[in-house]
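Welcome! Here are a few exercises to work through with the structure open beside you. Try each task before reading its solution.

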Amino acid sequence: SMGVGMRAAVTSQINLVMTEAEHVQQLKGVRDFIYPVMWFKDGLDELSDEETVSLLKMAVHAPETARSVMYPTLFVIGSLMFLVVAAFLVKKHVRDPKKLGQDGGNISNGGGDTASSNGLGHKNGMSIPRPRAGSTTPPPDYDDAA
């Protein structure tokens with residue numbers, strides 16, 4: 001496990017960088033150097049306040065605890081979503097056997113031709129469109145055309 005930092009320090013420095021510039025007459029012959037302008041140092045040598053110590057410990061341990069709880073939770077939610085989508089797709093693409101005939105999707109109508117679930121009859125290797133429900137127009141006889 002990780003420890004808790006009990007001491008903190010901040011150090012900052014502002015510098016002025018000087019280099020020779022071709023277009024500035026006053027900087028002709030000046031060598032490149034860095035000149036420190038300001039320097040700050042601030043820090044905390046000891047944490048004696050128990051509330052601050054407990055807050056720092058919580059900041060160290062809370063992310064690990066949250067991560068150990070979130071991984072399995074999100075895995076279960078994702079798995080359930082996958083199963084729901086798979087069940088929906090299976091239900092959408094599987095045909096209902098009650099709506100179709102007993103022979104796997106083809107409804108027999110007698111004289112050697114079969115009408116599939118998409119409304120087309122098959123006779124002698126040719127597709128014959130079936131009339132719509134309620135239509136009085138008979139389907140064309142393709143045997144005469146051949």
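**Exercise 1. The salt bridge**

How many salt bridges does the structure hold? Find the partners and describe where they sit.

Solution. Keep in mind from the start that this is a predicted model.
- Step 1: Count. The structure holds one salt bridge.
- Step 2: Name the partners. The side chains of R67 and E64 meet at 3.1 Å, N to O. That fits the cut-off for a salt bridge, which is 4 Å.
- Step 3: Place the partners. R67 and E64 both belong to helix α1 and are three residues apart, about one turn of the helix. In an α-helix there are 3.6 residues a turn, so residues three or four places apart point the same way.
- Step 4: Check how open they are. R67 has a relative accessible area of 36%, and E64 has 46%. Partly exposed covers the range between 20% and 50%, so R67 is partly exposed and E64 is partly exposed too.

**Exercise 2. The helix that carries the pair**

Compare the span of α1 with its expected span, then look for a bend.

Solution.
- Step 1: Take the length. Helix α1 runs over residues 50-93 and has 44 residues.
- Step 2: Compare the spans. From first C-alpha to last, α1 reaches 63 Å, close to the 64 Å expected at 1.5 Å a residue.
- Step 3: Look for the bend. At H61, α1 bends by about 35°. A proline, P63, follows within four residues.

**Exercise 3. A nonpolar patch**

Which residues form the nonpolar patch on the surface, and which strand gives the most to the patch?

Solution.
- Step 1: List the members. I14, L16, F33, Y35, V37, M38 and F40 form the patch, and together they have about 660 Å² of accessible area.
- Step 2: Find the strands. β1 (8-18) and β2 (33-44) each supply at least two residues. β2 gives the most, with five.
- Step 3: Test one member. I14 is in strand β1. Patch residues need over 30% relative accessible area, and I14, at 43%, counts as partly exposed.

**Exercise 4. The loop between two strands**

Is G29 buried or exposed? Say where G29 lies and how far it is from T19.

Solution.
- Step 1: Locate it. G29 lies in the loop between β1 and β2.
- Step 2: Apply the cut-off. Exposed means over 50%, and G29, at 67% relative accessibility, is therefore exposed.
- Step 3: Give the distance. G29 and T19 are 10 residues apart in sequence and 9.6 Å apart in space, C-alpha to C-alpha.

**Exercise 5. The whole chain**

Describe the chain's layout and surface.

Solution.
- Step 1: Count the elements. The protein chain has two helices and six strands, in the order β-β-α-β-β-β-β-α along the sequence.
- Step 2: Look at burial. Of the 146 residues, 6% are buried.
- Step 3: Add the surface. The accessible surface is about 13,000 Å², and 60% of it belongs to carbon and sulfur atoms.

Methods: Residues numbered from 1 in each chain as written. Predicted model: local features only at pLDDT ≥ 70, side-chain atom pairs only at ≥ 80, totals over all residues. Heavy atoms only, no water. Expected span 1.5 Å × (residues − 1). Bend = angle between axes of the 7 residues up to and from the residue. Buried < 20%, exposed > 50% of the residue type's maximum accessible area, 1.4 Å probe, protein only. Patch = residues over 30% accessible without salt bridge, like charges linked within 9 Å, V, L, I, M, F, W, Y side chains within 5 Å. Areas by Shrake-Rupley, 256 points an atom, 1.4 Å probe, with all protein chains shown as cover.
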